[in-house]
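Visitor: I am new to this structure. Could you show it to me and explain the terms as we go?

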Amino acid sequence: MYNAGKVIVFIVVLIVFFTIPMWLNFGRVEAIPQPELPKDKAKCIESKEYMRAYHMKLLDDWRKQAIRENKHVYVAKDGEKYFINLQKTCMKCHNNKEKFCDSCHNFVVTHPDCWSCHIAPEVAEKWQ
Amino acid sequence: MNVGWSFLIFLVLLLIPWVGVGVLGLQGLFAIVIPYVCFLVFVIGLIYRILNWAKSPQPFKIPTTCGQQKSLPWIKYSRLESPFNTFEVVLRMVLEVLFFRSLFRNLRADLQGKKLIYGSAKWLWLGAILFHWSFLIILIRHLRLFTNPVPSVIQFLDYMDSFIHSFGVPPVYITDILIIAGLSFLLLRRLVDAKVSYISHGSDYFPLFLILGIVITGVLMRYNLKVDVYAIKQLTLGLATFKPVVPEVKIGTIFYVHLFLVSVLAAYFPFSKLAHMIGVFFSPTRNMPNNNRADMHVNPWNYPVKHLTYAEWQERFREPMENAGIPIDEEAEKEEHEWYTIYGPNKNLNL
């Protein structure tokens, strides 16, 4: 092998680069946070699978309907009707933003911009 | 033909996880076994390619230059175009690897009547730079799914990439748009330009289809066919910390298609043209200084060559020389030396 020293350094750098997730987690990996679900309610407005994957789309549609189309009633797939309102409908049950919303959002690093207009219940309480 | 075959292979690859997970329900195979195996193939394959290149002897010093070579001290030389020492070579390599400097010189050739005309063509460079940089940023950005807690650098990168909030929720990733633009150009270029199409093989189209497939499934997952990101991160974090678990919640099949295509790309990488990621560092035309006159480059497969000194030669032909009246140099140096064949050294023979 020619230029053995340089080649070995190159291989080491490459391996370190491609195993970076391992090094970044090394010795500091934290347990996966569990979002706190409302205890007294058995189901959300749609199925659990749908809500877990599509809640942001649902909320985005709600926003468009409530603000731009003046529609305030959402008909769920099972026919039940809900008032389109984040703070009064969603957060009536999911009443803790930190333990419900933030625990997952911080875990997967998303930047929802709900809270630039809406106020979380616990923040509202502080101001009252 | 080339396009058709590679697209067909790509379609088959799309169908494999679709059937494997969607119909047969082999989550464990597609979520854990295949990614691990393919990643291993990727790393070992790259090392194999590196060692193979490192073992190849380099008989000549052949840097490509396009500037004044270093010669007399009062002649200004081009440090980047004709590097003289290691530092200048490193500088040239860095610019080559990060900014594709040689591709920037790409020209187009067209016939106008019977005249061959060369012109500037920066589009290939632009498409390449859009694609490669976006791909790198997307790769690094994905670390948010493989680390917990996510390092702030990666959070910042992710935040910067998605800072445009004008197109709804979730905010669009800038690199998503740029990589699709870059890849589309690189693919269309091969399909539309007859000159490029003529020299394109299936192995040129296939990586483009594969990477476009990865990008499109990824983009679909973010903006349309949503998947449970929380469950995905449980899986990916498990992979990164060697405690892989298939999450209890079902993840959409499109995620498995995305993951399978990435695995295929990883396994295909070292044995295809994509290994230019390694090859660029082993290009003798780029990684050697142009200092032929200052430093002798010895061909590594040189062996000592069988030779006669002048004295020996003169001794052998003394008689004919004297007969022909050619002067004899009595002071010619008589050195003792061995002579060699490729089979090894031998004692000086009486010739």
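Guide: We will take the labels one at a time and check each against its rule. The model is a predicted one.

Visitor: Then let us begin with the two chains. How many residues does each chain bring to the contact?

Guide: Chain B gives 48 residues and chain A gives 36 residues. Together the chains bury about 3800 Å², with 71% of that on carbon and sulfur atoms. B:Asn148, B:Lys226 and B:Tyr230 supply 18% of the area that chain B buries against chain A, more than any other three residues.

Visitor: What makes A:Arg52 and B:Asp228 a salt bridge?

Guide: The rule asks for a side-chain nitrogen of Lys or Arg within 4 Å of a carboxyl oxygen of Asp or Glu. Here the closest N and O atoms are 2.4 Å apart. That is within 4 Å, so the pair counts as a salt bridge. Across this interface, the rule finds one salt bridge. It also finds 13 residue pairs in polar contact, both residues being at pLDDT 80 or more.

Visitor: Which helix of chain B supplies the largest share of the side that touches chain A?

Guide: Helix 2 of chain B does, with nine residues. By kind, the residues on that side of chain B divide into 33 nonpolar, nine polar and six charged.

Visitor: Now to B:Arg286. Why is B:Arg286 called buried?

Guide: Its relative accessible area is 15%. Buried means under 20%, so B:Arg286 is buried. B:Arg286 lies in helix 12 of chain B, residues 284-287. Leaving aside residues up to four places away in sequence, it touches B:Thr64, B:Val89, B:Arg92, B:Met93, B:Glu96 and B:Ser102.

Visitor: What makes the pairing of B:Arg286 with B:Glu96 a polar contact?

Guide: The cut-off for N or O atoms is 3.5 Å. The two side chains make their contact at 3.4 Å. That is within the cut-off, so the label holds.

Visitor: And B:Arg108? Why is B:Arg108 called partly exposed?

Guide: B:Arg108 has 45% relative accessibility. Under 20% would be buried and over 50% exposed. The value falls in between, so B:Arg108 is partly exposed. This residue lies in strand 1 of chain B, residues 107-112. A polar contact of 2.6 Å joins its side chain to that of B:Asp110.

Visitor: How far apart are B:Arg108 and B:Ala121 in sequence and in space?

Guide: They are 13 residues apart in sequence and 5.7 Å apart in space, C-alpha to C-alpha. B:Ala121 is also among the residues that B:Arg108 touches, along with B:Ile117, B:Tyr118, B:Gly119 and B:Ser120.

Visitor: Two residues with positive phi are next. Is A:Val109 buried or exposed?

Guide: Buried: its relative accessible area is 4%, which is under 20%. A:Val109 sits in the loop between helix 5 and helix 6 of chain A. Its phi is near 55 degrees, a positive value in a residue other than glycine.

Visitor: Why is B:Phe242 called exposed?

Guide: Its relative accessible area is 52%. Exposed means over 50%, so B:Phe242 is exposed. Phi of B:Phe242 is near 60 degrees, again positive in a residue other than glycine. B:Phe242 is placed in the loop between helix 9 and helix 10 of chain B.

Visitor: Last, the peptide bond from B:Asn148 to B:Pro149. How do you know that it is cis?

Guide: Its omega is near 0 degrees. B:Pro149 lies in the loop between helix 4 and helix 5 of chain B.

Definitions and conventions: Residues are numbered from 1 along each chain as its sequence is written. Chains are lettered from A and ligands numbered from 1 in the order in which they are written. This is a predicted model: local features need pLDDT of at least 70, side-chain atom pairs count only at pLDDT 80 or more; totals for chains, interfaces and linings use all residues. Side-chain values use heavy atoms; hydrogens and water are left out. Helices (H or I, at least four residues) and strands (E, at least two) are DSSP runs, numbered from the N terminus. Buried means under 20% relative accessible area, exposed over 50%, partly exposed in between (1.4 Å probe, protein chains only). Contact means heavy atoms within 4.5 Å. A polar contact is a pair of N or O atoms within 3.5 Å; within protein, one must be able to donate a hydrogen and the other to accept it, and residues adjacent in sequence count only if both atoms are side-chain atoms. Buried area is the accessible area (1.4 Å probe) that two parts lose on being put together, summed over both. Ala, Val, Leu, Ile, Met, Phe, Trp, Tyr, Cys and Pro count as nonpolar, Asp, Glu, Lys and Arg as charged, and the others, Gly among them, as polar.
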